[in-house]
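Good morning, and thank you for making time for this presentation. I shall go through a few selected places in the structure now being shown.

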Amino acid sequence: MLTVNGLTKAFGDRVALDHVSLEVDDGETLAVLGPSGCGKSTLLRVVAGLTLPDAGTIAWDGQDLAAVPTHLRRFGLMFQGYALFPHRNVADNVAFGLRMQDMDPPQVDRRVAEVLDWVGLTGFERRAVTSLSGGEQQRVALARTLAPSPRLIMLDEPLSSLDRNLRDRLRTEIADLLERNTTAAIYVTHDHGEAEAVGDRVALMQAGKVVQVGAFDALRDQPADEWVAEFLGGG
Amino acid sequence: MAADRPALTTRKAAWLAVVPLVFLAAFYVWPLGRMLGSTLESDAAGRILSDQRTWSTIWFTTWQAAVSTVLTVLAALPLTYVIARYRFKGRRLVQALTTVPFVLPSMVVATAFVAIGLDSGLAAILMAHVFYNVAVIVRTVGGLWSRLDPSLSEAARTLGASPARAFGQVTLPLLRPALTAATAIVFVFTFTSFGVVLVLGGLRWRTLEVEIYQRATTFLDFPAASALAVLQLVVVSLIVWWYSRRQAFMTASGLVAESENLMGVTSSRQRWLVGSALTISIGLLSAPLMVLVAKSFAGGGAGWALLFSPGPSALRPIPAIGNTVVYAVMSTLVAVAIGLPAAVIIARRRRLGSLLDLGLLLPLGTSAVTIGLGLLMTWSGTLTVWLIPIAHALVALPFVTRSAVPVLGSIRSELREAAAVLGASPGRTWREVDLPIAARAFAVGAGFAAAISIGEFGATAFLARPATATVPYLIFRYLGRPGSASFTAAMAMAVLLMLLTAGLILAVDRLRTEQVGSF
């Protein structure tokens with residue numbers, strides 16, 4: 001279980017995270033919903049250990065992670081821009097995290113095939129990632145994140161750079177995949193529909209603060225304040 | 001974001017910087033310090049400055065460099081225009097071929113102009129300088145020109161500007177960053193020209209480089225040679241300083257992709273223009289080399305026979321060829337070993353990086369003769385086999401870093417972060433992400449280093465002994481010997497050297513991805 005307590009981070013004058021406290025249980029998907037620039041991405045970067053917080057703690061099953069560097073946290077992060085390695089093909093991108101765990105090559109191959117099957121990219125192993133369409137790249141990034149079985153999966157606006165048709169289809173697929181995985185997941189989005197479809201619970205963020213947490217319906221029925229009502233109603 | 005967990009911490013960067021900094025200190029700063037000390041401790045500075053010979057040498061060095069630069073720009077313009085603006089068959093090949101003279105060893109160029117029959121005199125020097133540096137203009141100015149947005153000069157045309165005015169008012173000002181850079185480079189190269197002037201200048205024409213060499217080797221007047229080297233270094237530093245200040249203010253803007261910018265050759269006028277520019281330019285650039293090859297076979301190939309016969313002479317070609325190859329391998333290893341950590345720092349650490357970048361560029365701007373003299377005065381007798389490779393590596397280092405840094409710098413930090421999230425330690429991230437992406441660029445740099453080592457003459461001229469002679473050094477010695485046999489042997493060796501260098505450079509050019517680094 002991930003426990004985030006009092007997380008605070010400022011970039012100069014801009015406060016990206018303002019005493020953010022959250023919990024994500026194993027098997028649960030928390031959707032973090034908010035307008036762009038509200039600090040959602042910073043939250044993921046801080047949890048991943050890519051950005052150091054000014055204050056606050058991050059713990060996994062009660063163990064504080066302050067001294068644990070990114071590569072030892074076993075948290076998966078799918079970047080908004082995918083960050084696929086351009087010098088490696090599809091299979092090598094997906095295998096990367098497995099090789100970091102020193103998994104046997106035959107086992108790596110099996111796992112890569114399995115994960116590529118989940119995302120519907122069987123047969124794409126030898127393709128160059130630079131030759132893929134946006135939707136295909138997105139699936140490779142998702143597969144790469146899932147392959148090493150991270151104990152926490154973080155997805156940063158995974159659908160934002162896709163066109164509408166693809167978005168609707170992939171939204172359902174991702175929701176299914178996260179449902180099937182028993183790991184904890186944080187799904188960052190600015191889209192109500194995605195939050196509703198994917199998140200077991202939704203955390204609403206505004207200007208670095210978590211305004212309200214709860215099931216999507218609960219948030220809509222009992223908004224904590226006017227801003228929440230307007231933000232959710234506007235969708 | 002400044003607050004990110006830095007992948008390259010200050011402590012790690014400092015450790016990485018130790019290797020290149022110690023190298024620079026030992027083989028560049030210290031030798032220069034010794035030369036400066038030798039200048040100040042003796043009456044050399046006063047002697048030099050009161051000698052009429054010094055002032056006439058400085059005057060000649062300056063004006064021949066200025067004239068060479070102007071002539072180079074004029075000679076290169078048609079070819080630059082055609083390559084930058086038109087799409088035609090074999091364009092890439094023409095581009096690669098025009099680079100060949102620039103990378104040819106100075107002894108090959110000098111021998112070629114001797115072979116033409118221009119064995120001494122001003123015309124030969126100027127022509128050799130133009131021949132050498134046309135590539136700098138074509139590459140630097142052409143590179144920018146091919147990516148200028150054509151709609152800018154088209155807009156000028158619709159506003160009533162004639163083609164000539166549109167060029168003068170719009171295109172030329174936009175090309176200025178590249179033109180300034182290219183002319184500054186050509187001026188520095190010709191100002192510090194050594195091998196070509198040493199061979200072609202006869203007794204009359206001397207650049208500062210040649211004067212330094214003669215004072216040191218003929219008169220054994222090391223203090224005077226040091227004083228001249230220091231003087232030259234000051235002048236070159238001023239030029240480089242001016243150039244880098246200018247460059248800081250000029251950034252090219254409004255660029256488009258080259259591929260969507262090139263015009264097809266359609267009208268008969270265009271065909272004539274492109275055809276004649278290419279024919280004349282390529283013809284003039286290849287003529288000296290063709291004459292060299294042809295004449296190397298004069299006398300029924302006696303020169304080539306001499307090359308492979310173990311004669312009685314102390315300076316035999318076969319061991320020199322062996323030395324050249326071994327030194328090329330050694331200096332490439334040194335250049336890459338030092339250049340790798342240096343490139344990482346230059347790409348990743350702003351302040352330490354720019355300091356190191358400048359530090360590594362200094363030897364290149366210092367002139368090979370100065371480096372040779374400095375190493376001779378400090379390390380002679382201690383490093384034996386390594387002395388020549390170290391001198392070569394010193395010159396080649398910026399080529400290694402400059403080809404790798406743009407690639408290393410263009411790697412999005414997201415890729416490293418993705419690797420970290422997937423469980424790669426910082427060291428592993430470097431091996432799995434940075435290194436494979438930059439491997440080609442490092443290979444390009446290594447190729448340049450090998451090519452530089454094969455042809456290097458200025459520093460080698462000071463450091464070579466009969467047992468450590470390289471091919472360029474041998475060519476120089478053979479050119480100075482009486483008798484047509486040693487002359488054709490020199491030409492044969494020049495051909496050999498030319499083929500080796502051209503082969504290396506063409507291989508490197510194939511490796512080069514679009515826009516990997518700059519000169």
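A:Ser149 counts as partly exposed because it has 15 C-beta neighbours inside 10 Å; by the rule used here, a residue is buried if 20 or more other C-beta atoms lie within 10 Å of its own, exposed if 12 or fewer, and partly exposed in between, with C-beta atoms placed from the backbone. This is a predicted model, in which local features need pLDDT of at least 70 and side-chain atom pairs count only at pLDDT 80 or more, while totals for chains, interfaces and linings use all residues. Residues are numbered from 1 along each chain as its sequence is written, and chains are lettered from A and ligands numbered from 1 in the order in which they are written.

A:Ser149 sits in the loop between α4 (134-146) and β7 (152-156) of chain A. Helices (H or I, at least four residues) and strands (E, at least two) are DSSP runs, numbered from the N terminus. The phi of A:Ser149 is near 50°, a positive value in a residue other than glycine. Most residues other than glycine have a negative phi. Chain B offers another such case: B:Leu220 has a phi near 50°, again positive in a residue that is not glycine. B:Leu220 belongs to the loop between α10 (208-217) and α11 (222-249) of chain B, and it is exposed, with 9 other C-beta atoms within 10 Å.

Let me stay with chain A for a moment. Its average pLDDT, the predictor's confidence in each residue from 0 to 100, is 90, and 99% of the residues score at least 70. Among the elements of chain A, strand β4 (residues 55-60) has the highest mean pLDDT, 95, and helix α5 (residues 164-180) the lowest, 80. A:Gly62 lies in the loop between β4 and β5 (63-64) of chain A. Is A:Gly62 buried or exposed? A:Gly62 is exposed, since 7 other C-beta atoms lie within 10 Å. From A:Gly62 to A:His87 there are 25 residues in sequence, and 39 Å in space from C-alpha to C-alpha.

I turn now to the contact between the two chains. It takes 21 residues from chain A and 20 residues from chain B, where two residues are in contact if their C-beta atoms, placed from the backbone, lie within 7 Å. On the side of chain B that touches chain A, α18 (413-421) and α19 (426-455) of chain B each supply at least two residues. The largest share of that side, seven residues, comes from α18(B). The residues on this side of chain B divide into 12 nonpolar, two polar and six charged. Here Ala, Val, Leu, Ile, Met, Phe, Trp, Tyr, Cys and Pro count as nonpolar, Asp, Glu, Lys and Arg as charged, and the others, Gly among them, as polar.

Helix α19 of chain B also holds B:Asp434. B:Asp434 is buried, with 22 other C-beta atoms within 10 Å. Leaving aside neighbours within four places in sequence, B:Asp434 is in contact with B:Leu408 and B:Ile411. The C-alpha atoms of B:Asp434 and B:Val407 are 8.9 Å apart, with these positions 27 residues apart along the chain.

Next comes helix α21 (residues 471-479) of chain B. How many of its nine residues are buried? Eight of the nine are, so helix α21 of chain B is largely enclosed by the rest of the structure. Among the buried residues of α21(B) are B:Tyr473, B:Phe476 and B:Tyr478. The cover over the buried residues of α21(B) includes α14 (317-348), α19 and α22 of chain B.

Finally, a word on helix packing. Helix α6 (residues 122-145) and helix α8 (residues 163-191) of chain B pack at an angle of about 160°, with their axes 9 Å apart; axes are lines fitted to C-alpha atoms, for helices over the stretch in contact, and angles run from 0 to 180 degrees between N-to-C directions. That makes α6(B) roughly antiparallel to α8(B), as angles under 35 degrees count as roughly parallel, over 145 as roughly antiparallel, 65 to 115 as roughly perpendicular and the rest as oblique. The residues of the contact of α6(B) with α8(B) comprise 14 nonpolar, five polar and no charged.
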